[in-house]
Amino acid sequence: MATCPECDADIEVDDFDVDKGDQLSCPECGTNLEVTGLSPIELDVAPEDDEDDDGEDDDDLDDADDAEADDEEEEDPDE
């Protein structure tokens, strides 16, 4: 049994089915949690940076594509 750090709800966690770094969701408040300790099971709020990084990578690629398109447009009038 572990406790949600956000809402203090008791969360049933199978000691043999989790590893340090695993993520789960609190059934009471829905907070994404990360297993930070195994004996006893300790939970902490999972970092949300992973989701933001994925979105930023896509934006960076779009910006690079836009920059290439701008370069091509600039080259056309010179020809």
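Start with the whole protein chain selected: of its 79 residues, buried ones make up 18%. The model is a predicted one. Keep the full chain on display for the surface: about 6100 Å² is exposed, and carbon and sulfur atoms supply 37% of that area.

Next, colour by secondary structure. The chain has 5 strands and 1 helix, and from the N terminus on the order reads β-β-β-β-β-α. If you draw the contacts between residues at least 6 apart in sequence, 18% of them join residues at least 24 apart.

**Stop 1: Asp8**

Select Asp8, in the loop between strand E1 (2-3) and E2. What is the sign of phi at Asp8? Phi is positive, about 65 degrees, although Asp8 is not a glycine. Most residues other than glycine have a negative phi. Asp8 counts as exposed because its relative accessible area is 58%, and the cut-off for exposed is over 50%.

**Stop 2: the acidic patch**

Move on to the loop between strand E2 (10-11) and strand E3 (23-25), where Asp14 lies. Add Glu12, Asp15, Asp17 and Asp19 to the selection: together with Asp14 they gather on the surface as a patch of negative charge. Is Asp14 itself exposed, partly exposed or buried? Asp14 is partly exposed, since its relative accessible area is 45%, and partly exposed covers values between the 20% and 50% cut-offs.

**Stop 3: Thr31**

Now select Thr31, in the loop between E3 and strand E4 (32-38). Thr31 has 18% relative accessibility and therefore counts as buried; the cut-off for buried is under 20%. Which residues does Thr31 touch, not counting those up to four places away in sequence? Show Glu6, Leu24, Ser25, Cys26 and Val45 alongside Thr31 to see these contacts.

**Stop 4: Ser39 and Pro40**

Follow the chain to Pro40, found in the loop between E4 and strand E5 (41-45). Select Ser39 as well and inspect the peptide bond that joins the two residues. Which form does this bond take, cis or trans? The bond between Ser39 and Pro40 is cis, with omega at about 5 degrees. Most peptide bonds are trans.

**Selections to keep**

- Asp8, for its positive phi.
- Glu12, Asp14, Asp15, Asp17 and Asp19, for the patch of negative charge.
- Thr31, a buried residue in the loop between E3 and E4.
- Ser39 and Pro40, for the cis peptide bond.

Note on methods. Residues numbered from 1 in each chain as written. Predicted model: local features only at pLDDT ≥ 70, side-chain atom pairs only at ≥ 80, totals over all residues. Heavy atoms only, no water. Patch = residues over 30% accessible without salt bridge, like charges linked within 9 Å, V, L, I, M, F, W, Y side chains within 5 Å. Areas by Shrake-Rupley, 256 points an atom, 1.4 Å probe, with all protein chains shown as cover. Salt bridge = Lys/Arg side-chain N within 4 Å of Asp/Glu carboxyl O. Lys, Arg positive; Asp, Glu negative; His and termini not counted. Charge placed at Lys NZ, Arg CZ, Asp CG, Glu CD. Helix = DSSP H or I, 4+ residues; strand = E, 2+ residues; numbered from the N terminus. Buried < 20%, exposed > 50% of the residue type's maximum accessible area, 1.4 Å probe, protein only. Contact = heavy atoms within 4.5 Å.
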